[in-house]
Amino acid sequence: MDRISRRSQGLKGVRFGDNRISSLLFADDVVLLAPSSQDLQHALGCFAAECEAAGMRVSTSKSEAMVLDRKKVACTLQVGGEFLPQVEEFKYLGVLFTSEGRMDHEIDRRISAAAAVMRSMYWSVVVKKDLPVDLRSYSHLRS
């Protein structure tokens, strides 16, 4: 997948500081980034062509398009004559991305996950009074 991505990368991408990023890769997942829908369609076409050259194809049933913008913008992308559905949010590597670029849902989700861990730890460690404590086993910590 890395080789396919490197071969299909053009000069376009999204600027983050001094870097220009055109794709994110993890296992067989790929996120293509571009500054415009035309650039993204071009990048998607190049990526699909490299996949076909390697004997693979882009799964349109598992692919989606999303535009990061404060207002709703339509983005009609095609692969092999099939249009990709446009979504308002998606999760990639456990991080929730929204089309408006807002982090509210992601922050709330992470706070909820942390609270669940803390509740679990509280009930399994703090509340249980039957945990054996043998201070003799910690004697090596004293000097």
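The following exchange concerns a predicted model of a single chain.

Reader: What makes up the secondary structure of the chain, and in what order do the elements run?

Author: The chain holds 3 helices and 8 strands. Read from the N terminus, the order is α-β-β-β-β-α-β-β-β-β-α.

Reader: Why is Ser99 called buried?

Author: Buried requires a relative accessible area under 20%. Ser99 has 7% relative accessibility, and therefore counts as buried. Ser99 is placed in the loop between S8 and H3. Apart from neighbours within four places in sequence, its contacts are Met66, Val67, Leu68, Asp69 and Glu88. Across the chain of 143 residues, 20% count as buried.

Reader: Why is Met103 counted as partly exposed?

Author: The class of partly exposed lies between the limits of 20% and 50%. Met103 stands at 42% relative accessibility, so the residue falls in that class. Met103 belongs to the loop between strand S8 (95-98) and helix H3 (104-126).

Reader: What makes the nonpolar surface patch that includes Met103?

Author: Met103, Ile107 and Ile111 make this patch, which covers about 290 Å². Membership in a patch asks for over 30% relative accessible area; Met103, at 42%, therefore meets that condition. For the chain as a whole, the accessible surface is about 11,100 Å², and carbon and sulfur atoms account for 56% of that area.

Reader: How many aromatic pairs does a search of the whole structure find?

Author: The search finds 1 aromatic pair. Phe90 and Phe97 form that pair, with 5.4 Å from centre to centre and 15 degrees between the planes.

Reader: Why is the arrangement of Phe90 and Phe97 called a stacked pair?

Author: Two ring centres must lie within 6.5 Å to pair, and planes under 30 degrees apart count as stacked. The values for Phe90 and Phe97 are 5.4 Å and 15 degrees, so both conditions are met and the pair is stacked. Phe90 has a relative accessible area of 23% and Phe97 one of 32%. Both values lie between 20% and 50%, so each residue is partly exposed.

Reader: How do you know that strands S3 and S4 pair?

Author: Pairing requires at least two bridges between the strands. Strand S3 (residues 23-26) and strand S4 (residues 29-32) have 4 bridges, and therefore they pair, in the antiparallel sense. One of the residues involved is Leu24, whose bridge partner in S4 is Val31. The hairpin of S3 and S4 has 2 residues between the strands, and Ala27 takes a positive phi near 55 degrees there.

Notes
Residues numbered from 1 in each chain as written. Predicted model: local features only at pLDDT ≥ 70, side-chain atom pairs only at ≥ 80, totals over all residues. Heavy atoms only, no water. Buried < 20%, exposed > 50% of the residue type's maximum accessible area, 1.4 Å probe, protein only. Areas by Shrake-Rupley, 256 points an atom, 1.4 Å probe, with all protein chains shown as cover. Patch = residues over 30% accessible without salt bridge, like charges linked within 9 Å, V, L, I, M, F, W, Y side chains within 5 Å. Salt bridge = Lys/Arg side-chain N within 4 Å of Asp/Glu carboxyl O. Phe/Tyr/Trp six-rings, centres within 6.5 Å; stacked < 30°, edge-to-face > 60°. Contact = heavy atoms within 4.5 Å.
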